Amino acid sequence: MAPDAEHGRREEPLMSKPINTAAHIRRNGIEPPPELARISAETPLVQVEAEGLLFSGRHWLATGYDEVRAILGDNRFKMLPPAQAKLGGGGQVEVGNLLQYDPPDHTRLRKMLTPEFTLRRIRRLEPFVAEIAEDCLDALESAGQPGDLVRTFAVPIPGLVGCALLGVPRDDAADLARNFNASRAVANFGNRIDDRERERQRAAGNAFVTYMRRLVRQKRRTPGDDLLSMLIRDHGADITDEELTGTAATLMGSGIENVGGMLALAPLALLQYPDQLALLLDRPELIDRAVEELIRYLSSVPNSIPRYAGENLRVGGHLIKTGELVMCSLLAVNRSQLPGVPRDTLDITRENSGHMAFGHGIHHCLGASLARMELRIGLPALLRRFPKLRVAVPPEEIRFRTWTPNYGVDELPVAW
Amino acid sequence: MEMEMEIRVDRDRCAGSSLCVSYLPDVFDQSDDDGKVLLRTAEPGADAAQAVRGVVTRCPTGAITVRARDAQEVRDA
């Protein structure tokens, strides 16, 4: 079917046959499955049957630029399922996780957090992040080759940045990291783990959250100059301890998952495109553009958090009914639909691709500037230290985290 | 030839993404108090027109609009 050129102008809703696909969840290494671009071109908004995947049952999949912008930019599409929803989300709502809030509560919490993430504040953290990056590289180098880039570099950088932001005492960081690592992949898309493993992950996740709860109580008693203490000082009466706990856990968790994912995927992508790596080594001033392009190309959060139609809503000629669930494929848009990217190659000289890797609308990633900065500092530090960096295993042995909401690699053995 | 433009920002809509200020720091600023957009200049001149339009499109919450001098609004839909 040809794409409909008359988006939103039809009287009768378009009726298209549901398709059976998992293209929005799958990947071939760092590349999207070729089917995804075809779906974008032919059916930019379509109902999908995807048994046994994220949500068993029929849901909408948006892969077109206009469609994704329309949905993510419209607050009548909600994060929380209304009573009419046929498909449930991950179960319990996590108090304090902004991605599970709709206005007006979302507005109240986001307003408190926004000033903590201004560009000026983030830039002040640069020297600190540079120091952390060098420490991690020292550890990687002294442990000898091959070393795991994930465990010694990609995860510790956002982990330690998170600890500093939240005012976690340095002595507690190792324990906290252990629990967080053990809890990872709880949100696995498929049923790929057994019950005992799931229970182990849940226990570690609980220990992680329990630590945050204790930290919040301690900051209430003796505030410092960290983000949690500032939230308490400025808004202490308007935010509950459970919300602060959830906020702290979410900030730390999303930093590690997203920035940690990118700090391993980005070097991997550059190693797979040696001409781009050579260009960046030759012209380090391209780092800002390179980071932006790597964020677009890798789209490590392939899908935005699912939205539920809060009422009957028309998008691109389709009628999405109250309670129906919509997935927006940021990966599809970023890799095949951007007006500013006529040819989808990794091109670190590209300017202003207009990607949507951090989402769109009121839920646009709160930590986007922080994530960019950690990449802008971390990547060059890695390449300066190991200009001959290489992956130490054959490509087919790299273990990608395909079934998690945040794309990444479990480990990345490297040599230099 | 680009026309002269006037920029308007809607601070209620702004989500504090820092996108505008990172791309066009001469035109946009960000408040230290609430993290939301501030304008350094509302009339950046014809040279900046294309870059400003790019930022208008990218602003995640449509908080930035431009109006050409002939009063025709070129608001991002």
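# Worked exercises: sheet, charges, rings and a helix

In chain A, the three strands of an open sheet run in the order β5-β11-β10, with antiparallel pairing. This is a predicted model, in which local features need pLDDT of at least 70, side-chain atom pairs count only at pLDDT 80 or more, and totals for chains, interfaces and linings use all residues. Side-chain values use heavy atoms, without hydrogens and water, residues are numbered from 1 along each chain as its sequence is written, and chains are lettered from A and ligands numbered from 1 in the order in which they are written.

**Exercise 1.** Work out which strands of the β5-β11-β10 sheet stand at the edges.

*Solution.*
- Start with the terms: helices (H or I, at least four residues) and strands (E, at least two) are DSSP runs numbered from the N terminus, and two strands pair if DSSP finds at least two bridges between them.
- Next, count partners: β5 (147-148) and β10 (390-391) of chain A each have a single partner strand, so they are the edges and one side of each has no neighbour in the sheet.
- Then look at one pairing: β10(A) and β11 (residues 413-415) of chain A are joined by two bridges in the antiparallel sense.
- Finally, pick out a residue pair: V391(A) sits opposite V414(A) in β11(A).

**Exercise 2.** Find what the salt bridge between E292(A) and R372(A) ties together.

*Solution.*
- The criterion is a side-chain nitrogen of Lys or Arg within 4 Å of a carboxyl oxygen of Asp or Glu. Searching the whole structure gives 37 salt bridges over all chains.
- Check the distance: E292(A) and R372(A) meet at 2.9 Å, N to O.
- Place the ends: E292(A) is in helix α13 (residues 287-298) of chain A and R372(A) in helix α15 (residues 368-385) of chain A, so the bridge ties parts 80 residues apart in sequence.
- Now the exposure, where buried means under 20% relative accessible area, exposed over 50% and partly exposed in between (1.4 Å probe, protein chains only). E292(A) is buried at 12%, and R372(A) is buried at 11%.
- For another case, take R283(A) and E285(A), whose side chains form a salt bridge at 3.2 Å, N to O. Here R283(A) is partly exposed at 34%, while E285(A) is exposed at 55%.

**Exercise 3.** Classify the ring pair F400(A) and Y407(A) as stacked, tilted or edge-to-face.

*Solution.*
- Rings of Phe, Tyr and Trp (its six-membered ring) pair if their centres lie within 6.5 Å; planes under 30 degrees apart are stacked, over 60 edge-to-face, and the rest tilted.
- The search of the whole structure turns up four aromatic pairs over all chains. For F400(A) and Y407(A), the centres are 5.6 Å apart and the planes at 5 degrees, so the pair is stacked.
- Y407(A) is buried, at 4% relative accessible area.
- R27(A) lies over the face of Y407(A), 4.2 Å from the ring centre; the test is NZ of Lys or CZ of Arg within 6 Å of the ring centre and within 35 degrees of the ring normal.

**Exercise 4.** Sort out the buried and exposed residues of helix α12 of chain A.

*Solution.*
- In α12 (residues 274-282), Q276(A), L277(A) and L280(A) are the buried residues.
- These cover an arc of only 100 degrees around the axis, which puts them on the same side of α12(A). The arc is that of the directions from the helix axis to the C-beta atoms.
- The face turned away from that buried side carries the exposed P274(A), D275(A) and D282(A).
- Covering the buried residues of α12(A) are, among others, α11 (241-272), α13 and α15 of chain A, with contact meaning heavy atoms within 4.5 Å.
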